[in-house]
Amino acid sequence: MELPVSFADYTRTLLGDEDYKELVTSLESEQSVSIRLNPLKPFAFRSGEHAVPWCTSGFYLEERPTFTFDPLFHAGCYYVQEASSMFVEQALKQYMGEEPVVMLDLCAAPGGKSTHIRSLLPDNSLLIANEVIRNRSQILAENLTKWGHPDVVVTNSDPSDFTPLEDFFDVILTDVPCSGEGMFRKDPVAISEWSPENVEICRQRQRRIIADIWPCLKPGGILIYSTCTYNTKENEENIRWIRDEFGAEVLPLDVAEEWNITGNLLQGESFPVYRFLPHKTQGEGFFLAVLRKPGMSVRNSGDKQLISLAIAPETPGLRAEKSREKGRKVQGKGKQTPGLSKEQLAILQKWIFTADKYEFIQKGGNVSAFPKCYLPELSALQSSIRIVQAGLEIAGQKGKDWIPCHALAVSGILVSDAFPCEEISYEQAIAYLRKEAVTLSDAAPRGVVLLTYKHVPLGFVKNIGNRANNLYPQEWRIRSGYLPETVVKVHS
């Protein structure tokens with residue numbers, strides 16, 4: 001691997017000769033493969049893999065599976081994610097209590113951190129996952145749909161579009177675009193695109209992003225800042241700037257010594273930051289810091305001071321009142337969805353758990369379920385933000401009938417006996433994921449049937465007897481026409 005001279009000189013000075021040599025050696029070695037399991041969708045994960053120590057659901061794999069040809073990958077049972085970036089879990093677990101929060105993942109595509117966050121947030125929380133590039137926002141929406149949580153809004157807007165939403169979010173993750181030094185081993189293009197000038201451009205862009213989004217964070221709220229780069233210009237120097245410019249407090253995390261995480265490398269500063277170097281930790285390059293916006297109190301829990309989120313006065317009209325019990329109040333009974341009869345609405349409500357928690361919203365020919373208690377937040381977002389999808393898409397209209405959407409099939413709130421199920425073989429599952437017609441057993445009932453593979457919901461078909469019409473999304477299909485001789489799977 002031939003690294004840019006400017007990068008080599010700077011990084012050698014930053015790390016020292018010995019560490020730099022070890023870093024270069026590690027970049028020339030094979031990268032590890034890691035996945036994160038979906039708690040909503042348990043399956044028979046193969047034994048013998050070892051855990052990512054800073055992530056309760058993360059695992060390193062001994063060999064790289066054939067992900068494209070694993071139906072459970074498409075069903076959202078796990079996400080392929082670089083291990084170092086799973087460290088976000090520590091920031092959330094250590095500085096977030098059990099009360100519901102509204103969180104923004106600002107630079108979210110393709111969805112690794114968003115799916116991880118959604119699994120970690122307290123019950124009845126809302127996640128807004130944003131991506132500024134339109135086609136990447138569609139990939140983000142796909143991955144979050146497969147993950148199966150309904151309490152998510154996917155948006156496609158510039159960070160500056162969020163600025164009017166003052167004091168709106170309890171937690172914001174800014175995994176900011178960077179020069180990508182930590183991706184040198186994973187992506188050779190990152191090497192060719194690197195330059196000192198690009199580092200400076202990235203640093204300025206990162207500061208603009210933080211300046212745009214800082215007003216949206218509630219007093220006492222938490223900002224998680226991360227990059228996949230090594231230099232201090234995009235890391236420590238930006239953290240120092242946030243601290244000095246906005247009065248933020250840089251917060252420490254409890255980390256195990258054996259994780260070999262590197263701390264602050266900026267001379268004259270000692271505030272806590274967390275840098276992953278591939279010759280010390282099993283993963284790619286990653287940097288993270290946690291900051292708290294001024295204007296909050298803390299409460300003690302044993303020896304640990306926890307952040308009390310959402311203590312500032314609520315912005316009128318934006319936040320439904322929190323209940324005294326755990327969770328959030330459902331506001332009102334909801335109105336009948338326009339275009340749906342009471343009978344049709346009653347049918348849709350039987351498809352999902354806790355249907356009374358959701359408002360059924362019709363847009364065009366589709367109906368989505370969105371949590372009632374967050375309707376004010378959704379309305380506020382719609383005033384300045386481009387919404388890609390909000391909540392869970394339940395059904396689409398075809399003629400006079402309402403056909404269940406694929407998002408419902410892979411969601412965590414589908415009532416298990418709402419549709420007849422048919423367990424299918426591996427070969428049938430691959431055919432289904434290729435958007436091919438599937439032939440079911442003679443015992444399969446006519447009409448809409450939920451296909452399962454290893455008893456995990458895979459999607460819907462409409463069985464007409466001699467064949468079953470495939471309802472899998474056309475744009476998500478497996479495009480490859482061949483099947484490898486050996487398929488390596490993550491499950492037994």
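A residue counts as buried when its relative accessible area is under 20%, as exposed when that value is over 50%, and as partly exposed when the value lies in between. With this scale in hand, Asp-158 can be placed: its relative accessible area is 23%, and therefore Asp-158 is partly exposed. The model discussed here is a predicted one, and the report below takes up its salt bridges, one of its pockets and two single residues.

**Salt bridges**

The count of salt bridges in this model comes to 19. Three of these pairs are set out in the table, together with the distance from N to O.

| Pair | N to O distance |
|---|---|
| Asp-19 and Lys-280 | 3.3 Å |
| Arg-208 and Asp-158 | 3.4 Å |
| Arg-292 and Glu-249 | 1.8 Å |

Asp-19 forms a salt bridge with Lys-280. This pair links distant parts of the chain, since Asp-19 belongs to helix H2 (residues 17–27), while Lys-280 sits in the loop between strand S11 (274–276) and strand S12 (286–292), 261 residues apart. Lys-280 has a relative accessible area of 34%, so Lys-280 is partly exposed.

Asp-158, the residue placed at the start, meets Arg-208 in a salt bridge. Here too distant parts of the chain are linked, with Arg-208 in helix H9 (residues 196–213) and Asp-158 in the loop between strand S7 (152–155) and helix H7 (159–162), 50 residues apart. Arg-208 counts as partly exposed because its relative accessibility is 36%.

In the third pair, the side chain of Arg-292 meets that of Glu-249. Arg-292 lies in strand S12 and Glu-249 in strand S10 (residues 249–251), and the pair, 43 residues apart, again links distant parts of the chain. Is Arg-292 buried or exposed? Arg-292 counts as buried, because its relative accessibility is 12%, whereas Glu-249, at 36%, counts as partly exposed. Elsewhere, salt bridges that share partners join Asp-9, Arg-12 and Asp-17 into one network.

**The second largest pocket**

The second largest pocket holds about 1,100 Å³ of space. It is lined by 38 residues, and the closest of them to the centre of the pocket are Asn-366, Ser-368, Gln-389, Glu-393 and Cys-405. Which helix gives the largest share of this lining? That share comes from helix H6 (residues 134–147), which supplies seven residues. Sorted by class, the lining of the second largest pocket is made up of 18 nonpolar, 14 polar and six charged residues.

**Two residues in loops**

Ser-57 is found in the loop between strand S2 (50–51) and strand S3 (58–61). Its relative accessible area is 15%, and for that reason Ser-57 is buried. When neighbours within four places in sequence are left aside, Ser-57 is in contact with Ile-35, Arg-36 and Leu-37.

Cys-228 carries the annotation "active site" in UniProt, where the entry is unreviewed. In the model, Cys-228 has its place in the loop between strand S9 (217–227) and helix H10 (236–246). Cys-228 counts as partly exposed because its relative accessibility is 22%. Leaving aside neighbours within four places in sequence, the residues in contact with Cys-228 are Cys-178, Gly-180, Glu-181, Gly-182, Met-183, Gly-285 and Phe-286.

Terms used. Residues are numbered from 1 along each chain as its sequence is written. This is a predicted model: local features need pLDDT of at least 70, side-chain atom pairs count only at pLDDT 80 or more; totals for chains, interfaces and linings use all residues. Side-chain values use heavy atoms; hydrogens and water are left out. A salt bridge is a side-chain nitrogen of Lys or Arg within 4 Å of a carboxyl oxygen of Asp or Glu. Helices (H or I, at least four residues) and strands (E, at least two) are DSSP runs, numbered from the N terminus. Buried means under 20% relative accessible area, exposed over 50%, partly exposed in between (1.4 Å probe, protein chains only). On a 1 Å grid over the protein atoms alone, a cavity is a set of points where a 1.4 Å probe fits but cannot get out, and a pocket is an open set with protein on both sides within 12 Å along at least five of seven lines; lining residues have an atom within 4 Å of a point. Grid points are joined across faces, edges and corners, and a volume is the space filled by probe spheres set on the points. Ala, Val, Leu, Ile, Met, Phe, Trp, Tyr, Cys and Pro count as nonpolar, Asp, Glu, Lys and Arg as charged, and the others, Gly among them, as polar. Contact means heavy atoms within 4.5 Å. UniProt positions are given in the numbering used here, feature names are shortened, and annotations may be inferred rather than shown by experiment.
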